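Here are my notes from a pass through the model, in numbered points. Have the structure open while you read.

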Amino acid sequence: MEKKVESKSDEKPLISYSDTEEVQIPTAVTFDNCDEESDEEILIGAENKGITSDELLIDFKNKTHVESESPIVPIVFKTTRNTSVTVPERLESSTDQVNLPVEPSTSQASQQHPTFHLRSRTAAINDQADIYEVFVTFYFTSTRTYSLDYDVCENVLFQAEQKRLAGIRWTSRKDILRWIIFLQIGIITALVACTIDIIIEELSGLKYKFLKYQVDGNISMGDLVLPYIYWLLLSIVPVSLGAAMVTYIEPVTAGSGVPQVKSYLNGVKIPRVVRIKTMTVKAIGVITSVVGGLAGGKEGPMIHAGAVVAAGISQGKSTTFAKDFRVFKDFRDDHEKRDFVLGGAAAGVAAAFGAPIGGMLFSLEEAASFWNQNLIWRTLVASIVSSFTLNIVLSAYHGLNNYTFIGLFNLGKFEQPLTFNYYELPIFMLYGIAGGVLGAFWNMLNTRLSRFRARFIKPKFAKVLEAAFVAMLGVSMACAMIYFINDCRPLGNDPTEYPTQLFCEDNEYNAVAALWFQTPEATVRSLFHDPPGSHKILTLTTFTLIYYVFSCLTFGLNVSLGVFIPTALVGAAWGRLVVMIAYYLFPKAAFLNPGKYALIGAAANLGGVLRMTISLTVILMETTGMEPSFFFPIILTLISAKWVGDYFNEGIYDIQVAVNHVPMMPWEPLSHYRGLKASDVMSAPAVCVMLQDKANYIYDILTRYKHNGFPVVEDVKGNERSSGRVCGIILRSQLIVILLKSLFEENKRFWEKEVSIQTFRDLYPRYPSIKHVQIHNDKTNYTINLNIFMNPSPVCANEHESVPKIFNKFRALGLRHLIVTNRENRVVGIITRKDFLYK
């Protein structure tokens with residue numbers, strides 16, 4: 001039995017995506033209703049065990065949505081120029097192809113009731129074969145992402161406010177408010193970081209002190225089972241608690257949060273990513289994960305925490321607690337909020353590493369999509385204030401009078417100045433090459449593991465159990481290593497706080513236990529500063545292999561953890577290991593300083609995994625207090641690692657963005673856009689509204705479509721709004737507010753003096769849904785005049801303009817949509833930022 005599906009399209013859809021091994025498996029069959037916020041989501045699939053005729057309903061015209069309990073295998077389909085499509089009832093594998101013939105429409109549908117059309121994604125058209133490949137996109141997570149509006153809507157209401165507030169006094173007042181907000185961001189971010197750090201240090205100290213006591217007390221009886229059980233419980237319980245909070249309360253807090261912040265600054269709105277509830281779960285999740293002994297750190301999540309702090313303070317209200325403090329109202333839009341979130345991310349880096357300049361450079365290199373000179377200064381000040389506040393609080397907590405506790409990731413100062421000889425530069429490059437290869441391999445393993453988790457570990461309880469299992473695995477590997485490797489060293493030669501004797505003689509401690517009976521950050525510090533001969537070659541070899549695998553298993557769990565510390569720890573371990581082997585072979589090589597090469601190894605591994613260069617160099621310099629003269633070896637190592645790693649894959653943050661299917665715009669347009677014009681990638685016909693239109697029509701299109709922006713047209717021929725002359729653009733949120741507050745032309749005398757730009761800002765950022773709007777029957781024919789609400793100067797492009805040029809407009813201006821016009825300034829289509837996102 002086969003089904004016939006009718007379909008029409010005026011466009012030539014483009015590129016197929018058939019690499020089903022690189023995607024997660026969705027659980028629904030969807031033909032979305034051609035909306036901008038998800039206007040290109042056309043998903044087709046078949047249940048992996050076969051389907052019946054009643055289980056798969058595919059209807060382009062009615063946009064059928066079918067839920068399925070079992071995973072659905074994505075299917076790629078192609079179109080030709082016939083009139084119907086034959087869909088097999090059973091498709092056994094994801095490689096099955098469905099021939100989808102398409103007949104070009106002969107006339108445009110009436111815009112009174114807009115018609116559904118297939119959206120084309122690119123225009124890589126094979127005219128000789130006369131086959132158009134439809135690009136199919138998938139949503140695999142329960143969270144749908146939307147675009148942000150970084151383009152300021154300069155409508156009549158906005159211009160009226162600017163005129164009313166014109167003058168030096170208001171400009172100075174607004175600038176002063178910005179500075180005050182950035183100062184508050186730095187202080188509060190530092191206080192959050194101090195709270196997390198103190199709790200982790202206290203709980204970790206109690207844990208490892210108890211474990212040392214248990215090991216020393218039971219070793220005389222030859223019973224190490226009880227300490228092993230205690231260690232398991234002290235790891236599994238907090239890790240399970242943190243994983244449960246992340247999984248059941250706020251899933252967006254999983255991971256470090258850096259990819260989410262990058263996506264937000266790129267223009268992607270991920271729901272709940274900058275809420276107070278998110279930061280609370282993130283903080284508790286980081287504490288439980290680090291105390292539980294997972295291979296991760298608290299530094300990455302601090303960037304996310306700083307972004308949440310910035311987003312909350314800058315808006316002067318809390319949507320979580322439904323409390324409006326009625327301050328900072330002028331900053332309630334995406335454009336202003338973006339700048340504050342960027343400053344918060346930089347303050348988070350500064351608090352994590354005690355590196356204010358590194359925080360600013362991190363935001364510039366890794367996070368920001370937009371930058372200007374004023375923003376540089378404000379971000380730097382927020383970073384300095386954050387670092388200084390944390391320094392004061394933690395120095396007081398640790399009883400230091402000279403304020404030398406620089407950051408959460410405190411690697412300590414090298415006793416001797418770090419120097420190098422020029423014949424060591426090739427060695428540094430080899431370290432970088434090794435770090436690039438190891439980092440690329442780590443990224444590849446972690447990516448495959450993430451895809452495996454997305455496909456097979458879907459139930460929430462399974463995610464919690466997986467985190468508990470990895471914690472148990474880590475404890476088991478550590479215990480096995482401590483038990484089987486006998487590495488004893490004299491007491492006093494190691495800075496560990498909890499030296500464990502185990503099988504060693506009196507006045508000796510077990511160097512293997514010293515690596516595990518402390519936080520990963522303390523282990524990195526030990527590898528940097530331990531004197532030569534503190535470990536056996538076998539100890540570091542085994543530790544490097546175990547932690548390499550353990551860190552790969554940990555990153556990607558449904559817990560709140562960063563990747564910076566475990567990456568640095570693995571690099572420091574193999575960096576020191578290589579020097580130990582070289583010194584064993586060449587005992588007269590005096591330049592082989594284990595601490596120095598542990599630092600070089602950490603930099604190489606970080607460069608291979610993260611692919612950061614400038615900001616990472618400055619962060620390492622500020623964290624360790626190294627001499628400026630050692631800047632060159634660090635940057636040489638990082639550049640070598642980045643170049644080698646980029647040959648194989650991308651950095652882990654970019655990979656996580658891709659794995660989570662976050663639609664981030666790249667820095668450059670994809671190669672297959674070269675030679676294409678706007679008409680090749682635009683969506684047509686566009687859903688437009690007239691300058692003065694009926695309320696029932698506007699309500700109808702808002703209900704039928706989820707576009708974010710609608711071209712406003714005039715000089716309409718008949719009822720064909722889609723070919724009218726452009727006079728502006730109106731946002732979906734604006735139209736909903738207009739309907740909600742009944743801002744009709746017929747009752748203009750009642751609201752004309754009351755409406756201002758603040759009317760729309762008060763509802764930001766959670767604008768009501770069209771479902772909350774009801775129009776009385778007597779008002780359905782009322783008229784809405786969009787003259788004072790629309791943006792009269794939308795960004796447009798001619799239909800013959802090149803796609804790379806249009807891409808640069810989107811990237812530079814932070815656009816969400818762009819109207820395509822002909823020579824008569826009539827609408828011929830529309831391009832959204834999502835048209836540049838798919839490969």
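**Notes on the predicted model**

1. Overall burial first: buried residues (under 20% relative accessible area, with exposed meaning over 50% and partly exposed in between, using a 1.4 Å probe and protein chains only) make up 59% of the 839 residues in the protein. The model is a predicted one, with local features needing pLDDT of at least 70 and side-chain atom pairs counting only at pLDDT 80 or more, while totals for chains, interfaces and linings use all residues. Numbering runs from 1 along each chain as its sequence is written, and side-chain values use heavy atoms, leaving out hydrogens and water.

2. On the global numbers, the protein has 25 helices and 24 strands; these are DSSP runs numbered from the N terminus, H or I of at least four residues for helices and E of at least two for strands. Contacts (heavy atoms within 4.5 Å) reach far along the sequence: of those with a separation of 6 or more, 78% are between residues 24 or more positions apart. The exposed area is about 34,700 Å², with 58% of it supplied by carbon and sulfur atoms; accessible areas come from the Shrake-Rupley method with a 1.4 Å probe, and for residues only the protein chains shown count as cover.

3. Now the helix pair α10 (residues 425-456) and α14 (residues 537-554). Their axes come within 9 Å and cross at roughly 40 degrees. Axes here are lines fitted to C-alpha atoms, for helices over the stretch in contact, and angles run from 0 to 180 degrees between N-to-C directions. The pair is therefore oblique, given that under 35 degrees counts as roughly parallel, over 145 as roughly antiparallel, 65 to 115 as roughly perpendicular and the rest as oblique. The crossing is right-handed, i.e. the near helix is turned clockwise from the far one by less than a right angle (anticlockwise would be left-handed). On the α10 side the contact includes F441, W442 and R453, and on the α14 side Y548 and C552 are among the residues involved.

4. Helices α17 (residues 614-624) and α18 (residues 631-648) make another pair to look at: the axes come within 10 Å and cross at roughly 140 degrees. This pair is therefore oblique too, and its crossing is right-handed. I614, L616, T617, L620 and M621 of α17 meet F631, I634, I635 and L638 of α18.

5. Which strands make up the open sheet with mixed pairing? The order is β22-β23-β24, with β22 (796-798) and β24 (827-832) as the edge strands, each pairing on one side only. The twist averages 30 degrees from one strand to the next. Pairing needs at least two DSSP bridges between strands; β22 and β23 (residues 817-821) run parallel and are joined by three, with N798 opposite T821. Helix α25 (residues 803-813) lies across β22, β23 and β24, at about 145 degrees to β23.

6. Strand β20 (residues 725-731) is largely enclosed by the rest of the structure, because six of its seven residues are buried. Six bridges join β20 to β19 (residues 709-714), and the two run antiparallel. In this pairing V712 stands opposite G728.

7. Two single residues to check. T523 sits in helix α13 (residues 520-529) and counts as buried at 1% relative accessibility; leaving aside residues up to four places away in sequence, T523 touches L515, Q518, F543 and L569. F461, in helix α11 (residues 460-484), counts as exposed at 52% relative accessibility. The C-alpha atoms of F461 and A243 are separated by 9.5 Å, with these positions 218 residues apart along the chain.
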